Structures are given as structure tokens and as C-alpha cells.
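Dear colleague,

Here is the structure I promised to pass on, and below it you will find my notes on what turned up when I went through it. Please keep the two side by side as you read.

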Amino acid sequence: MTRAEAKERNRRALLDAAFQVVSRDGYRARLEEIAERADLTTGAIYSLFGSKNGLMVALVADHLRPHYEGIEQAVPAGLDLLEAVDAFARYYRRSCDAPDALSRLSLQITLLDMALHDPELGSQLATSIRSQEEHLITLFTGRSHNGSVVTSRQAQRLTTALRALFVGLSQGVPLGLAPGADEQYFADAALALASGMPFVDHDADAS
């Protein structure tokens with residue numbers, strides 16, 4: 001095994017261990033237990049991630065990356081905006097039935113709790129999440145809608161609104177709090193939101 005391969009193996013082991021410990025213990029998660037589960041030392045955590053917060057930020061990126069990659073595959077080029085939103089909504093609903101849906105929900109809630117206890121970590125997590133959401137902004141930018149083309153700023157506003165909608169709905173599904181919220185329900189809710197949004201670039205108007 002090369003040094004690079006060993007480094008990646010250790011990184012993967014620490015992320016997997018962190019997922020288990022953080023999902024259970026939240027901000028009380030101990031680096032010593034994470035390292036022990038990965039069969040490494042805390043020194044490896046500092047070497048690879050710099051700090052506990054660095055490990056948490058990497059955990060969020062590792063958690064979100066396959067999610068956004070799946071969205072990009074589920075929403076092909078060539079669709080207009082509302083078709084893209086429909087495909088996105090249906091993919092998001094299917095993800096609620098994935099085998100790891102409850103684990104992902106637990107991690108989301110735990111990370112929010114950690115961010116509330118540590119404002120610095122909260123700021124770092126927000127930056128990481130926004131960087132991942134750039135994939136969605138890019139995904140919606142340039143699509144046709146009502147005879148015009150969606151700008152990057154308009155796509156950003158839509159992404160923020162859709163994230164708020166889907167986070168709420170997707171938290172309810174695994175907990176049994178959203179009966180009847182099937183793919184069509186998600187799609188209808190998302191399309192109602194997207195259709196009703198005033199796609200106006202207020203900054204451009206002000207200038």
C-alpha cells in the first residue's frame with residue numbers, strides 16, 4: 001500500500017467512526033473513541049483534519065457529496081426549470097426511503113445541536129453546506145422558465161426555498177409525521193413553490 005492509499009484508508013476509517021460516534025453522542029463525542037474505533041490515534045485525526053471541528057466539517061462534506069451527486073444524475077440537462085424541479089423533488093422523496101435514512105436524519109439533528117453549542121463550528125458547517133449547494137444552483141441556472149432563462153441569483157433563491165421545504169418534509173417521513181407524502185406530494189409542493197416564486201433579480205432592478 002502506498003502512502004497515499006494508507007492516508008485515504010485512515011481518512012475513510014476516521015470518517016466512518018466519526019459518523020457512528022457523533023450520531024450517538026453529538027457534541028459530547030470524544031476524539032479518543034473515534035480514533036479507537038478507527039484503530040488509530042488522536043494524532044491521526046489532527047494530522048488528517050487539523051482539529052475536531054475539521055473532522056466534523058469533513059464529515060458533513062462526506063455525507064452530502066453522494067446526495068448531490070445523486071441529484072445531478074436524477075436531473076438531466078435539457079429539462080426546463082419546472083421539469084428539473086419535479087425530478088429533483090421525486091429524487092429527494094426516494095432518498096427518504098433509503099436504508100440509511102434514519103441514520104442521516106440522526107446526523108443532521110446531531111450536527112445542528114453541535115453547531116448551536118459551538119458557534120465557530122456552526123459557521124464552518126454553514127460554509128461547507130453552502131459550497132455543496134452550489135451544485136444545485138448550477139443545476140438550475142440556465143434552464144428555461146416562462147420564456148426566459150433562470151439566472152444564477154434566481155437559482156440561488158430557489159435552492160434556498162427548496163432546501164427549506166425538503167428538509168422539513170424529509171424529517172417528517174422517517175418519523176411517520178408526513179402520511180401520504182409520496183413522490184407526487186413532494187413534486188406538487190416543490191412545483192407550487194417554484195411556480196409561485198417571483199423570478200425577479202431585485203439587485204438588477206435596483207441598479
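The chain holds ten helices and two strands, and, read from the N terminus, its elements follow the order α-α-α-α-α-α-α-β-β-α-α-α. Please bear in mind throughout that this is a predicted model, and that every value below was computed from it.

To begin with the chain as a whole, its C-alpha atoms fill a box of roughly 60 × 45 × 35 Å along the principal axes, and 41% of its 207 residues count as buried. If one takes the contacts between residues at least 6 apart in sequence, 68% of them join residues that are at least 24 apart. The accessible surface comes to about 11000 Å², and carbon and sulfur atoms account for 53% of that area.

The charged side chains deserve a paragraph of their own. There are 20 positive and 27 negative ones, and the centres of these two sets lie 4 Å apart. Side chains of opposite charge can pair when their charged atoms come close. A search of the whole structure finds 13 salt bridges, and I describe some of them here.

One of these joins D62 and R12, with 2.6 Å from N to O. Since D62 belongs to helix α4 (residues 52–74) and R12 to helix α1 (residues 3–25), the pair ties together parts of the chain that are 50 residues apart in sequence. D62 is buried, because its relative accessible area of 17% falls under the 20% limit, whereas R12, at 30%, is partly exposed. D62 also forms a salt bridge with R65, where the closest N and O atoms are 3.9 Å apart; here both residues lie in helix α4, three residues apart, which is about one turn of the helix. R65 counts as partly exposed, with a relative accessibility of 35%.

A further salt bridge is formed by the side chains of R163 and E133, at 2.4 Å from N to O. This pair links distant parts of the chain, with R163 in helix α8 and E133 in helix α7, 30 residues apart. R163 is partly exposed, at 36% relative accessible area, while E133 is buried, at 8%. Coming back to the earlier pairs, salt bridges with shared partners join R12, D16, D62 and R65 into one network.

E133 is worth a second look, and you will find it in helix α7 (residues 119–140). Which residues does E133 contact, leaving aside its neighbours within four places in sequence? They are Y68, T159 and R163, the last of these being its salt-bridge partner.

Turning to the aromatic rings, the count comes to five aromatic pairs. In one of them, F88 and F166 meet edge-to-face, with 5.2 Å between the ring centres and 90° between the planes. The pair links helix α5 (residues 81–95), which holds F88, with helix α8 (residues 152–172), which holds F166, across 78 residues, and both F88 and F166 are buried. F166 also pairs with F186: the ring centres are 5.8 Å apart and the planes lie at 5°, so this pair is stacked. F186 sits in helix α9 (residues 183–196), 20 residues from F166, and F186 is buried, as is F166. Ring pairs link F88, Y92, F140, F166 and F186 into a cluster.

With best wishes

Notes: Residues are numbered from 1 along each chain as its sequence is written. This is a predicted model: local features need pLDDT of at least 70, side-chain atom pairs count only at pLDDT 80 or more; totals for chains, interfaces and linings use all residues. Side-chain values use heavy atoms; hydrogens and water are left out. Rings of Phe, Tyr and Trp (its six-membered ring) pair if their centres lie within 6.5 Å; planes under 30 degrees apart count as stacked, over 60 as edge-to-face and the rest as tilted. Helices (H or I, at least four residues) and strands (E, at least two) are DSSP runs, numbered from the N terminus. Buried means under 20% relative accessible area, exposed over 50%, partly exposed in between (1.4 Å probe, protein chains only). Contact means heavy atoms within 4.5 Å. Accessible areas come from the Shrake-Rupley method with a 1.4 Å probe; for residues, only the protein chains shown count as cover. Lys and Arg count as positive and Asp and Glu as negative; His and the chain ends are not counted. The place of a charge is taken as NZ of Lys, CZ of Arg, CG of Asp or CD of Glu. A salt bridge is a side-chain nitrogen of Lys or Arg within 4 Å of a carboxyl oxygen of Asp or Glu.
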